[in-house]
Amino acid sequence: MNVLVTGSAGFIGRNLVEHLNSDECPEVVEVLEFTLETPDELLDEYCRECDFVFHLAGVNRPKDETEFTTGNVDLTARLLDALRRGSKAPVLITSSTQAALDNPYGRSKRAAEDAVFKYSLDAGAPVFVFRLPGVFGKWSQPNYNSVVATFCHNIARGLPVTVNDPSAPITLVYIDDVVREFLAVMGGQMGEMDEEGCYSVDVTHQTTVGAIADLLREFKRSRDTLAVPRTDDAFTKKLYSTYLSYLPTDSFSYPLDMKRDERGSFTEIIRTADRGQFSVNVIKPGITKGNHWHHTKNEKFVVVSGTGVIRFRKVGEEQVIEYPVSGDAIEVVDIPPGYTHNIENLGETDMVTFMWANEAFDPENPDTYFLTV
């Protein structure tokens, strides 16, 4: 299957092409990419060969308003004329919710929609006009594609962002949801059209400009607080992924506070308000750590390197229970409340243990009581 993608170097185009070239794509395809750098004569050749067209090329922030016509209307007409002479392939075009508005950009997108509908009548080919709101995700160009891209870029670099009206509503769709629906249409699975014959992406997110800025600032602070966002909220999860894609390439890593002593080290990695705390504990050979118990706090220990033993004794009783642990046979050991416990390194190298606690450590209420096993 030959698939023509105009605007393949743009935000939506790059994401779509990568999906088309991946194992996720339901069809075996050859992607015919058309960009600003593609020789004009190739458009006719591609239109003779293609079995499906994604027309994503367009202009939304020109230096001159006349570019709306050349980039949105004229290019669409050129493409459709070439298809009429060639394969008469189905066309999916990205329009905008602004096509319903009376502004230069909206009028140019509406004119492109009308040209596509006329092509469908003339050629008898299916067409799919997607009116998209703001699209966000990786590879979107800051100060061009969307406010989300601009905010992500600036906040990740400590640059200011301008929020004139924090309560201003905004409707967004995520790039992966957009591409997923596009691939479904190419595979013959169409959603419902509106009264104007247009399609929309099913999964949308309603928020405000201020809420986006606040979340992104929270993401930036998370390197200091060690917090991670709530991934059970779909929009927060997608926005955090988007934010990380805008990190400067020299800022992917960040230091942690390693609490070191003669026994080894303890380093907190992640803490959350509702999912507890995750840390890594390094124990030197022959060293025992722990010898305490908790009323309510519970933990999970996972030894990933080295060899040792975790010992338990129920408070008030004498029986000691032992669990051998080794990085050669990784398993989880639950640390129940009411049991004093310790962990000893029996090997000749450092023992590394991942540790999860159901609550982040609170020095005002540590729920930790010394008692030897």
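Reader: What makes strand 15 and strand 16 a pair, and in which sense do they run?

Author: In this predicted model, strand 15 and strand 16 are joined by 6 bridges and run antiparallel. Two strands count as paired when at least two bridges are found between them, and the 6 bridges here therefore satisfy that requirement. One of the contacts sets phenylalanine 312 against isoleucine 321, its bridge partner in strand 16. The two strands form a hairpin with 6 residues between them, and glycine 316 in the turn has a positive phi of about 95°.

Reader: With which other strand does strand 15 pair, and over how many bridges?

Author: Strand 15 also pairs in the antiparallel sense with strand 18 (residues 339–345), over 7 bridges. Within strand 18, threonine 340 is the residue that stands opposite arginine 313.

Reader: Why is strand 15 described as largely enclosed by the rest of the structure?

Author: Strand 15 covers residues 307–314, and 6 of its 8 residues are buried, so the strand is largely enclosed by the rest of the structure.

Reader: What makes strand 16 and strand 20 the edge strands of the sheet?

Author: The sheet is open, has 5 strands in the order 16-15-18-13-20, and is paired in the antiparallel sense. Strand 16 (321–326) and strand 20 (369–370) are its edge strands, since each pairs on one side only. For strand 20 the partner is strand 13 (residues 288–293), to which it is joined over 2 bridges in the antiparallel sense. At least two bridges are needed for a pair, so the 2 bridges here are enough. Histidine 292 stands opposite phenylalanine 370 in strand 20.

Reader: Why is the aromatic pair of phenylalanine 136 and tyrosine 174 called tilted?

Author: The count comes to 15 aromatic pairs. In the pair of phenylalanine 136 and tyrosine 174 the rings are 5.2 Å apart, centre to centre, with 50° between the planes. Ring centres must lie within 6.5 Å, and planes under 30 degrees apart would count as stacked, over 60 as edge-to-face, so an angle of 50° leaves the pair as tilted. The pair links distant parts of the chain, with phenylalanine 136 in strand 6 (residues 134–136) and tyrosine 174 in strand 7 (residues 169–174), 38 residues apart.

Reader: How do you know whether phenylalanine 136 and tyrosine 174 are buried or exposed?

Author: Buried means under 20% relative accessible area. Phenylalanine 136 has 1% and is therefore buried, and tyrosine 174, with 12%, is buried as well.

Reader: What makes the pair of phenylalanine 278 and phenylalanine 354 edge-to-face?

Author: Here the centres are 5.5 Å apart and the planes meet at 65°; because an angle over 60 degrees counts as edge-to-face, the pair takes that name. Phenylalanine 278 lies in strand 12 (residues 277–283) and phenylalanine 354 in strand 19 (residues 351–357), so that the pair links parts of the chain 76 residues apart. Their relative accessible areas are 27% for phenylalanine 278 and 32% for phenylalanine 354. Partly exposed is the range between 20% and 50%, and both residues therefore count as partly exposed.

Reader: How do you know that the charged end of arginine 14 sits over the ring of tryptophan 139?

Author: The charged end of arginine 14 is 4.2 Å from the ring centre of tryptophan 139, where the distance limit is 6 Å and the direction must also fall within 35 degrees of the ring normal. Lysine 138 lies over the face of tryptophan 139 too, at 4.8 Å from the ring centre.

Reader: Why is the contact between glutamate 196 and arginine 131 called a salt bridge?

Author: The N to O distance between their side chains is 3.2 Å, and the limit is 4 Å, so the contact qualifies as a salt bridge. Glutamate 196 lies in the loop between helix 6 (175–186) and strand 8 (198–199), and arginine 131 in strand 5 (residues 127–132), so the pair ties together parts that are 65 residues apart in sequence. Glutamate 196 is partly exposed at 32% relative accessibility, whereas arginine 131 is buried at 9%.

Reader: What makes aspartate 177 and arginine 180 a salt bridge, and where do they lie?

Author: Their closest N and O atoms are 2.9 Å apart, which is within 4 Å and therefore meets the rule. Both residues lie in helix 6, 3 residues apart, about one turn of the helix.

Methods. Residues are numbered from 1 along each chain as its sequence is written. This is a predicted model: local features need pLDDT of at least 70, side-chain atom pairs count only at pLDDT 80 or more; totals for chains, interfaces and linings use all residues. Side-chain values use heavy atoms; hydrogens and water are left out. Helices (H or I, at least four residues) and strands (E, at least two) are DSSP runs, numbered from the N terminus. Rings of Phe, Tyr and Trp (its six-membered ring) pair if their centres lie within 6.5 Å; planes under 30 degrees apart count as stacked, over 60 as edge-to-face and the rest as tilted. Buried means under 20% relative accessible area, exposed over 50%, partly exposed in between (1.4 Å probe, protein chains only).
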